[in-house]
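Student: I've got this model open and I'd like a close look at one part of it. Could you walk me through how the helices pack, and what sits around that spot?

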Amino acid sequence: MRYPDGDGRTAKQRAQREQVRFEAAELFAQGVAPPQVARRVRVSRKSAYAWHAR
């Protein structure tokens, strides 16, 4: 099911998720591998690999 706005998350939840992505981006810039980033920011490895690919 597709949600028209923010995948069913509130604005606050979307902002929190964006902050996690920014933190992950900083770790990627430092050369940290996706599995370690996933552990540090507490997301799935799949999400970490997807963010790293982007």
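Tutor: Sure! One definition before we start: a helix here is a DSSP run of H or I that covers at least four residues, and helices are numbered from the N terminus. Keep in mind, too, that this is a predicted model. With that definition, the chain has three helices and zero strands, and along the sequence the pattern reads α-α-α. Of the 54 residues in the chain, 24% are buried. The accessible surface of the chain is about 4,500 Å², and carbon and sulfur atoms hold 47% of that.

Now let's zoom in on the packing. Two packed helices are described by two things, the angle between their axes and the distance between those axes. For helix α1 (residues 11-29) and helix α3 (residues 45-53), the angle is about 65 degrees and the axes are 10 Å apart. Angles of 65 to 115 degrees count as roughly perpendicular, so α1 is roughly perpendicular to α3. The crossing of these two helices is right-handed.

Who does the touching? On the α1 side you'll find Arg17, Val20, Arg21, Ala24 and Phe28, and on the α3 side Ser47, Ala48, Trp51 and His52. Sort the residues of this contact by type and you get five nonpolar, two polar and two charged.

Stay on α3 for a moment, because tyrosine 49 lies in that helix too, and its relative accessible area of 42% makes it partly exposed. Leaving out residues up to four places away in sequence, tyrosine 49 touches Pro34 and Pro35. Try finding proline 34 on your screen: it is 15 residues from tyrosine 49 along the chain, yet their C-alpha atoms are separated by 5.6 Å. For the chain as a whole, take the contacts with a separation of 6 or more: 23% of them join residues 24 or more positions apart.

Last stop, the loop between α2 (34-41) and α3, where you'll find arginine 42. Is this arginine buried or exposed? Exposed means over 50% relative accessible area, and arginine 42 has 77%, so it is exposed. Its backbone is worth a look as well. Most residues other than glycine have a negative phi. Arginine 42, though, has a positive phi, near 60 degrees.

Definitions and conventions: Residues numbered from 1 in each chain as written. Predicted model: local features only at pLDDT ≥ 70, side-chain atom pairs only at ≥ 80, totals over all residues. Heavy atoms only, no water. Buried < 20%, exposed > 50% of the residue type's maximum accessible area, 1.4 Å probe, protein only. Contact = heavy atoms within 4.5 Å. Areas by Shrake-Rupley, 256 points an atom, 1.4 Å probe, with all protein chains shown as cover. Axes fitted to C-alpha atoms, helices over the stretch in contact; angles between N-to-C directions. Parallel < 35°, antiparallel > 145°, perpendicular 65-115°, else oblique. Left-handed = near helix turned anticlockwise from the far one by under 90°. Nonpolar A, V, L, I, M, F, W, Y, C, P; charged D, E, K, R; others polar.
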